Amino acid sequence: MRFLPTDEQADFARTLRSLLGSAQVPAAVRAWADGEHGPGLALRSRLAGTGLFALAAPESYEGAGLLPLELALGFVELGRAGVPGPVVESAAVSVLLSELGDEALAKRFLPGLVAGGAWATLTLPGGSPYALDADAAEYCFTVSAAAELRLAAPASGAALRSTDPARRLSRPAADGGELLAAGPAVARAAGAAGRWARLLTAAQCLGTGEALLERTVGYVKQRTQFGAPIGSFQAVKHRLADTLLALEFARPLVWAAGLSLAPGDVAAAKLRCGEAAYRAALTALQLHGAVGYTEELDLSLWLRKARPLRDAWGTPSECRAEVLRSVTPG
């Protein structure tokens, strides 16, 4: 089992990092939070040009094949840059439609998702009842406890804001919308989509934690007290080292989960990455002091993501329970 990316995978991650580094993502995030989707949609088109979204669809539908490890590597970079929008949900919908085995549905939706021409959002049984960014998504899919896949009608009422203003939540309309499929195949496809969503959220958490740590290290090198950078203080060094270790110990769990897609492996990755990102946020807030609370500082864009991402597609308690099920005989 390989726990390091290949040269090709590393080049792909570097390409994404370079693209996002020049894309003025913080401005797009702020616009997204204000309901202006234009910059975020333009960013989506640029990401689609790298082939990122094709990694969650078969070649027969203009994809590159179902490649969870490569996609997770890409989503680490999305988390590092703080990319807005239902990126996880769109990928999960692509997986659901790919695994469902309904050629008509796949032809209807997958090409647009692969090409970056549409966002999709998703709710699954046992998960959150709220759909992320349904007001910005072209499609809102729901799977019920009765294994019915529906294209939901637009939700009524204003979207709710989460801790992260760029993550707006809506309940799909109660009337259900268009019935697309039902039965055991839907349940199996929904299970696969849920595992991919949890894996990609774990990758986002890892990238978010890396961004928070990087910005905090840069800050403590510049801020001085008693005539010396605070980064030279032993207590500060220990806090940063603990944060780095948490992220580095979480990283191989993402690769292992991407290789196996086993429920226990995916849950372990989500648990460790979510906790590591949240620790990075606490460290960043403490070491930045009062300035860390200001919305004007770009740091706030990542600080506000850490907690919602930690809980999205599997809270820590849910992930612990899944890990225990995977190691408990019978």
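This report walks through two helix packings, two cavities and one pocket in a predicted model.

## Helix H4 and its neighbour H1

Let's begin with a pair of helices. Two packed helices are described by the angle between their axes and the distance between the axes. For helix H1 (residues 7-21) and helix H4 (residues 68-81), the angle is about 25 degrees and the axes lie 9 Å apart. Because angles under 35 degrees count as roughly parallel, H1 is roughly parallel to H4. The crossing of H1 past H4 is right-handed.

If you would like to find this contact on screen, look on the H1 side for Gln9, Phe12, Ala13, Leu16, Arg17 and Leu20. Their partners on H4 are Leu69, Glu70, Leu73, Gly74, Glu77, Leu78, Arg80 and Ala81. Sorted by class, the residues of this contact comprise 8 nonpolar, 2 polar and 4 charged.

## Helix H4 against H7

H4 also packs on helix H7 (184-222). Here the angle is about 40 degrees, and the axes are 6 Å apart. H4 and H7 are therefore oblique to each other. H4 passes H7 in a right-handed crossing.

On H4, the residues that meet H7 are Pro68, Leu71, Ala72, Phe75, Val76, Gly79 and Arg80. H7 answers with Trp196, Leu199, Leu200, Ala203, Gln204, Leu206, Gly207, Thr208, Glu210, Ala211 and Glu214. This contact divides into 11 nonpolar, 4 polar and 3 charged residues. Arg80 is worth finding, as it is listed in the contact of H4 with H1 and also in the contact with H7.

## Enclosed cavities

How many cavities of 30 Å³ or more does the model hold? The count comes to 3. The largest cavity has a volume of about 100 Å³. Its lining is made of 15 residues, and those closest to the cavity centre are Val83, Gly85, Arg167, Gln204 and Lys305. H4 appears here too: H4 and helix H10 (299-311) are the elements that give two or more residues to this lining. By class, the lining of the largest cavity has 7 nonpolar, 4 polar and 4 charged residues.

The second largest cavity has a volume of about 50 Å³. Its lining consists of Gly85, Val87, Val88, Glu89, Leu132, Arg167, Thr201, Gln204, Leu309, Ala312 and Trp313. Gly85, Arg167 and Gln204 in that list are also among the residues closest to the centre of the largest cavity. Helix H5 (87-100) and H7 each supply at least two lining residues of the second largest cavity, and H5 gives the most, with 3 residues. The lining of the second largest cavity splits into 6 nonpolar, 3 polar and 2 charged residues.

## The largest pocket

Now for an open site. The largest pocket has a volume of about 820 Å³. It is lined by 32 residues, and Gly127, Ser128, Arg198, Trp313 and Gly314 lie nearest its centre. Trp313 is a handy landmark, since Trp313 also lines the second largest cavity.

Which elements supply at least two residues each to the lining of the largest pocket? They are strand E3 (120-123), strand E4 (131-132), H7, helix H9 (263-288), H10 and helix H11 (316-327). H7 gives the most, with 5 residues. By class, the lining of the largest pocket has 13 nonpolar, 10 polar and 9 charged residues.

Notes:
Residues are numbered from 1 along each chain as its sequence is written. This is a predicted model: local features need pLDDT of at least 70, side-chain atom pairs count only at pLDDT 80 or more; totals for chains, interfaces and linings use all residues. Side-chain values use heavy atoms; hydrogens and water are left out. Axes are lines fitted to C-alpha atoms, for helices over the stretch in contact, and angles run from 0 to 180 degrees between N-to-C directions. Helices (H or I, at least four residues) and strands (E, at least two) are DSSP runs, numbered from the N terminus. Angles under 35 degrees count as roughly parallel, over 145 as roughly antiparallel, 65 to 115 as roughly perpendicular and the rest as oblique. A crossing is left-handed if the near helix is turned anticlockwise from the far one by less than a right angle, and right-handed if clockwise. Contact means heavy atoms within 4.5 Å. Ala, Val, Leu, Ile, Met, Phe, Trp, Tyr, Cys and Pro count as nonpolar, Asp, Glu, Lys and Arg as charged, and the others, Gly among them, as polar. On a 1 Å grid over the protein atoms alone, a cavity is a set of points where a 1.4 Å probe fits but cannot get out, and a pocket is an open set with protein on both sides within 12 Å along at least five of seven lines; lining residues have an atom within 4 Å of a point. Grid points are joined across faces, edges and corners, and a volume is the space filled by probe spheres set on the points.
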